[in-house]
Amino acid sequence: MFYPSLTCEEAQALIRKGAQLVDVSTPDEYRRHPLPGSVNIPMPFIQRALKQLDKETPVLLYCISGTRSGTAKRMLEACGFLQVHNLGSYLYLQQLRAFT
């Protein structure tokens, strides 16, 4: 399991300031575990969904394990996004009660 380098408090502060919370899991996984305020952009479609995201606003990514969100982070950075954070595992975030 991946553990994020951004603390939950830092992530929550970014969300309060308007950060984009993106779950890159499959639609079925997202339906089972949505976080409040998140949108679902499955990892295989992240490059096609670039217009949905604002390059000037921080993007916070997560998935079930943190692996796909890590891949999506690298993809967004390659496309010019400067403020991208991998929050890691949904399960880890739930364990901390980070976004409930």
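**Helix α3, its surroundings and the salt bridges**

Helix α3 is followed by G80, a residue whose phi is positive, near 100 degrees. Helices here are DSSP runs of H or I with at least four residues, strands are runs of E with at least two, and both are numbered from the N terminus. The model is a predicted one, so local features need pLDDT of at least 70 and side-chain atom pairs count only at pLDDT 80 or more, while totals for chains, interfaces and linings use all residues. Residues are numbered from 1 along each chain as its sequence is written, and side-chain values use heavy atoms, with hydrogens and water left out.

Back to α3 itself. At 1.5 Å a residue, its 12 residues should span 16 Å, and the end C-alpha atoms are 17 Å apart, which agrees. (The expected span is 1.5 Å times one less than the number of residues in the helix.) Which residues of α3 are buried? They are S69, G70, A72, M75 and L76. Buried means under 20% relative accessible area, exposed means over 50%, and partly exposed is what falls in between, using a 1.4 Å probe and protein chains only. The cover over these buried residues of α3 includes strands β3 and β4 (84-89).

L76 also turns up in the largest nonpolar core, which has 15 residues. A nonpolar core is a set of buried Ala, Val, Leu, Ile, Met, Phe, Trp, Tyr and Cys residues joined through side-chain atoms within 4.5 Å. Those with the most contacts inside this core are V22, V24, I46, L61 and L76, and β3 (59-63) and α3 each supply at least two of its residues. Setting aside neighbours within four places in sequence, L76 is in contact (heavy atoms within 4.5 Å) with I46, L50, L53, V59, L61, F81 and V84. Apart from this core lies another, of 12 residues, with C8, A19, Y30 and L87 among them.

C8 brings up the matter of cysteines. The structure holds 0 disulfides, a disulfide being a pair of cysteine sulfur atoms within 2.5 Å. Why is C63 not bonded to C8? The sulfur of C63 is 15 Å from the closest cysteine sulfur, in C8, and that is too far for a bond. C8 is buried at 13% relative accessible area, and C63 is buried too, at 0%.

Next come the charged pairs. Side chains of opposite charge can pair when their charged atoms come close. The structure holds 4 salt bridges, each one a side-chain nitrogen of Lys or Arg within 4 Å of a carboxyl oxygen of Asp or Glu. In α3, the side chains of K73 and E77 meet in a salt bridge, at 2.5 Å from N to O. K73 and E77 are 4 residues apart, about one turn of the helix. An α-helix has 3.6 residues a turn, so residues three or four places apart point the same way. Both partners are partly exposed, K73 at 24% relative accessible area and E77 at 35%.

A second bridge reaches out of α3: R68 pairs with E29, the closest N and O atoms being 2.9 Å apart. This pair links distant parts of the chain, with R68 in helix α3 (residues 67-78) and E29 in helix α2, 39 residues apart. R68 is partly exposed at 24%, whereas E29 is buried at 17%.

Helix α2 (residues 27-32) has a bridge of its own between D28 and R32, with the closest N and O atoms 3.1 Å apart. D28 and R32 are 4 residues apart, so about one helical turn separates them. D28 counts as partly exposed at 39%, while R32 is exposed at 53%. R31 joins in as well, since D28, R31 and R32 are linked in a network of salt bridges.

Just two more residues to visit. H33 sits in the loop between α2 and β2 (39-40) and is partly exposed, at 24% relative accessible area. Not counting residues up to four places away in sequence, H33 touches D23, Y62, I64 and Y90. H33 and D23 are 10 residues apart in sequence and 9.4 Å apart in space, C-alpha to C-alpha. Q20, in strand β1 (residues 20-23), is buried at 14%. A polar atom of the Q20 side chain lies 2.9 Å from the backbone nitrogen of D54. Beyond residues up to four places away in sequence, Q20 touches Q52, L53, D54, T57, P58, V59 and L60.

Note on methods: The expected span of a helix is 1.5 Å times one less than its number of residues. A polar contact is a pair of N or O atoms within 3.5 Å; within protein, one must be able to donate a hydrogen and the other to accept it, and residues adjacent in sequence count only if both atoms are side-chain atoms.
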